[in-house]
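Hi everyone, thanks for making time. I'd like to walk you through one structure this morning, so have a look at the screen and we'll go from there.

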Amino acid sequence: MPFVKTSLVASYTPAINPTGRYFTAKGGFCSRCFPQAAGQVAMSGRPSRRSSRSENLPTVPPNDKDPFNYTNELESGEAVTPREPIVLGAYRPWNNPRAAGEQPMNAKVAIPRLDLPLVGNTGRVSQACHNCRKQKNKCSGHRPSCLRCQETNVLCVYVDGKRERNARQLTVITSQLQHYESLVRELYPKLFDTELGKVIDQALEKASLYSASLSLSSPTLAKVPDESDSSARTLPYVDHTLEDFNRDISLQAIGFTGEHSASAWLYRLRCLIGPTSSNPDDALAYPSKAVADELVDRYFQVAHASFPVVGKEIFLSQCRSFYSKSTAHPGNKWMALLNMVFAIAARHFELSGDQSQDHNIHAVYFTRAWQLHTSESIRLENPNLQQAQVEGLISLYLLSIGQANRSWRKCGIAIQSAVAMGIHLRSESPSITHVSKETRYRLWWALYLLDILLCVVTGRMPRMQQEHCTTPLPVPYKEEDFRDEHVMRLILDIQSRSRLMASLLSFDPSTEPNDPLAHSPSSPFMSHQASPGLQIQANVSLYFLYSIDLAAVMREAIEILYSPEAGRKSRNDTEMAMLSLNRAADNWFARLPGTYSFAEIRDDRPFVRQRTSLAFQYYSTKLVISQPALRCDVFSTGLDTPMAMVCLNAAGQMLDLLPNEPNISWLLGCSPWCSLHYLTQSTVVLTTQLLIQNQPRASERNEALERVQKALRWLHECSTKDPSYKRAWCNFTELLSSQGSKLSE
């Protein structure tokens with residue numbers, strides 16, 4: 001059957017124009033590209049408006065060879081051969097010769113358009129450039145220049161919009177607010193003005209409430225609706241997160257936590273209630289006020305007199321402020337300082353047998369202080385006064401638990417921190433109050449005493465050189481009197497201060513035997529060099545001053561007799577040096593006021609603890625000075641030299657300070673931190689006398705043996721509280737038992 005040619009087929013024969021758009025031969029739409037338009041034409045049965053307009057377009061002359069032109073075939077009457085079936089929506093490739101012919105007469109002419117580069121992302125961009133935003137055109141969002149600005153060859157600039165500017169300003173303001181709040185919290189415990197403290201307390205309370213309300217909208221918790229809006233009072237929901245859960249291992253382990261989780265509920269309750277102190281493992285935990293008062297009182301009774309690392313009045317004021325105001329949150333360094341005070345006091349409670357504190361609670365306080373002291377935020381900070389104080393107390397605590405090596409190392413770090421702040425020099429700064437200046441001076445001299453003590457215990461050289469130090473000696477007045485007008489004038493007037501120290505410490509009793517300061521029978525005595533009306537009485541500050549003066553003699557003895565250079569000196573030079581140092585120690589004893597004179601030890605007089613502590617320090621210094629006499633050819637010369645006798649007498653007199661019956665509380669009250677050293681130092685000398693001295697007199701031998709047995713009883717009694725005493729007791733008993741036959745002769 002011959003192929004029937006109809007205009008319908010011809011009208012839907014696709015034609016291809018040079019622009020790549022498809023139309024029908026008579027100007028209609030191609031069903032492949034515009035199926036909806038093509039369907040409308042077929043159903044209406046009349047030409048579309050677009051086809052009617054196409055009649056006015058320029059026509060193309062017919063081509064006989066045009067495969068899409070069927071007019072010649074119909075007019076000629078020739079049989080029409082079937083062609084390939086025409087599929088609606090199909091098109092021929094460009095290389096097909098049938099498609100290379102001329103276009104039909106009614107083909108549409110393409111409108112040339114601007115060819116823009118293809119854009120990968122045609123969605124909405126987060127931010128448009130300034131030019132596109134100003135002209136209200138769609139911006140491609142490319143950086144550094146969008147496509148439209150590239151085509152128009154203009155400068156493309158991206159500026160923050162109102163929303164971005166507000167967000168950035170809010171971030172800056174929040175950061176500044178947090179910085180100021182942390183600064184206020186750090187300075188808050190140092191305030192002395194009660195009214196100003198109340199105002200700051202109220203402000204910090206409001207800031208804490210505001211921070212708690214913000215913390216409820218945690219990144220992993222539900223968003224809390226505004227309670228003022230009744231319509232918003234619905235169940236909490238989660239619609240966003242602010243945390244990057246791939247940031248670190250901790251967040252990966254926790255992951256996202258929804259509102260219906262019990263962990264989220266617990267977190268919300270903790271935000272509403274606020275911080276608590278019930279968890280002992282928490283570094284910011286602290287005991288109750290009653291326990292804290294007991295610990296602080298014990299610390300100032302047993303440790304502050306010998307090592308005034310902290311200012312008493314300032315610290316007590318800060319403690320009262322901390323416990324009376326629950327919203328007060330001091331810095332981590334002050335909390336570390338507080339926990340170190342608790343640790344030292346709790347350690348003394350444990351050694352003395354007072355069971356008001358839990359066993360080994362001092363280690364808990366020390367752990368908290370160590371965590372706060374070594375936290376990431378503090379580890380790389382520059383040293384300040386509180387950091388040096390914490391390091392000094394850590395050294396003292398380590399000494400109390402028998403860790404002499406660690407204590408020596410930590411004391412060196414504290415000294416370096418103090419030097420870094422210039423505390424080893426006299427302060428002339430007008431911005432520092434006189435109380436703060438005196439507190440820093442006392443810190444330096446407390447570290448000085450601790451360093452000398454640790455050098456004697458460990459046998460090492462001192463690290464603080466007096467030639468490089470100009471820090472004035474502490475004034476001999478109680479800290480409670482620092483605000484007195486006369487004491488304040490003495491602290492600030494360096495010349496008056498120097499004259500007072502010279503009158504107390506610099507005279508020689510051998511040339512000035514009638515000096516009233518050295519031979520006054522009563523405890524009060526006047527200093528005519530000081531300010532008028534200023535009377536010096538025996539107190540802990542005066543005891544601290546004489547301890548420093550004796551430590552200077554000890555330091556000089558260590559450097560002269562035990563330094564590497566001492567081995568190059570002759571024996572005669574060493575003996576002369578020992579005699580000179582022994583004379584200096586005797587002059588110190590002669591300068592003591594009557595209250596601190598320990599020639600006769602009686603417990604009925606006041607200041608018995610301070611007087612006994614000075615006696616232990618004095619005899620220990622004499623032993624260090626005269627000990628080389630026992631080591632220099634002791635087997636050939638015996639123990640008959642003058643300095644050897646000084647050493648034996650000092651060891652016996654040190655043990656005579658102890659009562660016959662051991663009493664740990666008494667020993668810890670007089671010498672809580674170095675009593676083991678004093679017992680060991682004197683017992684070694686007397687044991688040497690028993691084992692080495694040739695043909696001693698029976699009275700001397702029996703007296704030495706009784707003293708050694710007394711020392712062993714004290715070591716055995718103290719070994720129940722501290723294993724360090726037990727190790728010392730075992731060493732002495734093993735040594736003496738091996739020489740039992742010789743001792744029984």
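Let me start with a question: leaving aside its neighbours within four places in sequence, which residues is histidine 434 in contact with? Keep that one in mind for a minute while I give you the background.

First, this is a predicted model. The chain has 745 residues, and 43% of them are buried. You'll see lots of helix: there are 32 helices, along with four strands. If you take the contacts with a separation of 6 or more, 67% of them involve residues 24 or more positions apart. The accessible surface comes to about 41,700 Å², and carbon and sulfur atoms account for 54% of that.

Okay, back to histidine 434. With those neighbours set aside, its contacts are Phe482, Arg483, Met488, Ile491 and Leu492. Histidine 434 sits in helix H18, which covers residues 434–458. Its relative accessibility is 10%, so it counts as buried. One of those partners comes up again here: a polar atom of the histidine 434 side chain lies 3.0 Å from the backbone oxygen of phenylalanine 482.

Let's stay with H18 and talk about salt bridges. How many salt bridges does the structure hold? The count is 16. The one I'd like you to find joins arginine 497 to glutamate 438, with the closest N and O atoms 2.7 Å apart. Arginine 497 is in helix H20 and glutamate 438 is in helix H18, so this pair ties together parts that are 59 residues apart in sequence. Are these two buried or exposed? Arginine 497 is buried, at a relative accessible area of 1%, and glutamate 438 is buried too, at 0%.

While we're on H20, which runs over residues 494–506, its buried residues are Ser496, Arg497, Leu500, Met501, Ser503, Leu504 and Leu505. The N-terminal end of H20 is capped by aspartate 493, which has a side-chain oxygen 3.3 Å from the backbone nitrogen of glutamine 495.

Now for some salt bridges inside a single helix. In helix H11, residues 289–302, aspartate 293 and lysine 289 are four residues apart, about one turn of the helix. Their salt bridge has its closest N and O atoms 3.1 Å apart. Why does that spacing come up? An α-helix has 3.6 residues a turn, so residues three or four places apart point the same way. As for exposure, aspartate 293 is partly exposed at 36%, and lysine 289 is partly exposed at 44%.

Helix H23, residues 571–591, has a pair like this as well: arginine 571 and glutamate 575 are four residues apart, about one helical turn. Their side chains meet in a salt bridge at 3.5 Å, N to O. Arginine 571 is partly exposed, with a relative accessible area of 36%, and glutamate 575 is partly exposed at 34%. There's also a network of salt bridges, linking Arg347, Glu350 and Asp722.

Next, two alanines. Alanine 650 is in helix H27, residues 642–656, and is buried, with a relative accessible area of 2%. Which residues does alanine 650 touch, apart from neighbours within four places in sequence? Those are Tyr619, Lys622 and Leu623. Its C-alpha atom is 7.7 Å from that of serine 620, although the two are 30 residues apart along the chain.

The other alanine is alanine 728, in helix H31, residues 723–738. Alanine 728 is buried as well, at 11%. Outside its neighbours within four places, alanine 728 is in contact with Leu676, Thr680 and Leu715. Leucine 715 is 13 residues away in sequence, and its C-alpha lies 7.2 Å from the C-alpha of alanine 728.

Last stop: the annotated part. An unreviewed UniProt entry places a "Zn(2)-C6 fungal-type" domain at residues 128–158. In the model, that span is 39% helix and 0% strand, and its end C-alpha atoms lie 7 Å apart. Have a look at valine 157, in the loop between helix H6 (147–152) and helix H7 (162–187). Valine 157 is partly exposed, at 35%. Together with Leu155 and Val159, Val157 forms a nonpolar patch on the surface, with about 260 Å² of accessible area in total.

That's my tour, so over to you for questions.

Terms used: Residues numbered from 1 in each chain as written. Predicted model: local features only at pLDDT ≥ 70, side-chain atom pairs only at ≥ 80, totals over all residues. Heavy atoms only, no water. UniProt positions renumbered as here; feature names shortened; annotations may be inferred. Helix = DSSP H or I, 4+ residues; strand = E, 2+ residues; numbered from the N terminus. Patch = residues over 30% accessible without salt bridge, like charges linked within 9 Å, V, L, I, M, F, W, Y side chains within 5 Å. Areas by Shrake-Rupley, 256 points an atom, 1.4 Å probe, with all protein chains shown as cover. Salt bridge = Lys/Arg side-chain N within 4 Å of Asp/Glu carboxyl O. Buried < 20%, exposed > 50% of the residue type's maximum accessible area, 1.4 Å probe, protein only. Polar contact = N/O pair within 3.5 Å; in protein donor to acceptor, adjacent residues only side chain to side chain. Contact = heavy atoms within 4.5 Å.
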